[in-house]
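User: Please take a close look at a single part of this model and explain how it is placed within the whole chain. I would like the criteria behind each term to be stated with their cut-offs.

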Amino acid sequence: MSCRAGENRIIISEVMMPSQANVAGNVHGGEIMKMMDSAAYAAARRYARSNVVTARVDELEFHLPILIGDLVVCTADIVFVGHSSMEIAVNVEVEDLEHEGKPPAGAFRLLYDGCTRSQCQTKDGAGTGAGHGRSESSFWRGETSL
């Protein structure tokens, strides 16, 4: 099965609440990581049609705080499918709902490595690239950027 652009995209959003933040009003990083992992899981599960697990998160950086009341939108896209894993890119956009015209607080990316549909193989046994045509391990070695 080939993975066409947009076919395996998941978008989830949530307004950040006081229970997700510290006393200064900054949302805990773990809350954002959980949202990202949930979006990645849904995209991978939809593709694999079986249970998947997060095997690795390569890097995650927070550049600006996310505050109570901000709208967080996570968009997960499958970027590569190999024989026993897949990479999911998750983009996080943050919108300040109080101030019209204020630019988003930032965007973050995460990569997800999981087990998949018959170990990520098509009927002919080949891995399925999601339009990027690169080797499964090249991203993790830093040879290709998203």
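Analyst: The answer below concerns strand β2 and the loop that leads into it, after a short account of the chain.

The model is predicted, so local features are reported only at pLDDT of at least 70 and side-chain atom pairs only at pLDDT 80 or more, while totals for chains, interfaces and linings use all residues. Residues are numbered from 1 along each chain as its sequence is written, and side-chain values use heavy atoms, with hydrogens and water left out.

The chain contains one helix and four strands. These elements are DSSP runs numbered from the N terminus, with helices being H or I runs of at least four residues and strands E runs of at least two. Read from the N terminus, their order is β-α-β-β-β. The chain has 146 residues, and 39% of them count as buried. Here buried means under 20% relative accessible area, exposed means over 50%, and partly exposed lies in between, with a 1.4 Å probe and protein chains only. Among contacts in the chain with a separation of 6 or more, 72% are between residues 24 or more positions apart; a contact means heavy atoms within 4.5 Å.

Strand β2 spans residues 71-81, and the loop between α1 and β2 precedes this strand. One residue of that loop is R49. R49 is exposed because its relative accessible area is 63%. Its backbone is notable: R49 has a positive phi of about 55° although it is not a glycine. For context, most residues other than glycine have a negative phi.

L64 also belongs to the loop between α1 and β2. With a relative accessible area of 45%, L64 is partly exposed. The C-alpha atom of L64 is separated by 9.9 Å from that of V94, a residue 30 positions away along the chain.

D70 is a further member of this loop. Unlike the exposed R49, D70 is buried, at a relative accessible area of 6%. A polar atom of the D70 side chain lies 2.9 Å from the backbone nitrogen of L67. The criterion for such a polar contact is a pair of N or O atoms within 3.5 Å; within protein, one must be able to donate a hydrogen and the other to accept it, and residues adjacent in sequence count only if both atoms are side-chain atoms. Once neighbours within four places in sequence are set aside, D70 is in contact with E14, V15 and M16, and with V94, E95 and D96.

Within strand β2 itself, T75 gives a second view of the surroundings. T75 is buried because its relative accessible area is 16%. With neighbours within four places again left out, T75 is in contact with R9, I10 and I11, and with A89, V90 and N91.

R9 also meets a side chain of the strand: R9 and D77 form a salt bridge with an N to O distance of 2.7 Å. The pair joins distant parts of the chain, since R9 is in the segment before β1 and D77 is in strand β2, 68 residues apart. A search of the whole structure finds one salt bridge, defined as a side-chain nitrogen of Lys or Arg within 4 Å of a carboxyl oxygen of Asp or Glu. The two partners differ in burial: D77 is buried at 19%, whereas R9 is partly exposed at 41%.

Strand β2 also contributes to the largest nonpolar core, which has 24 residues; I32, V72, C74, I88, V90 and V92 touch the most other members. Such a core is a set of buried Ala, Val, Leu, Ile, Met, Phe, Trp, Tyr and Cys residues joined through side-chain atoms within 4.5 Å. At least two residues of this core come from each of α1, β2 and β3 (86-95), and α1 supplies the largest share, nine residues. In soluble globular proteins, nonpolar side chains tend to be buried together.

Finally, M17 lies in the loop between β1 (10-15) and α1 (29-48). At 44% relative accessibility, M17 is partly exposed. The C-alpha atoms of M17 and L71 are separated by 9.8 Å, although the two residues are 54 positions apart along the chain.
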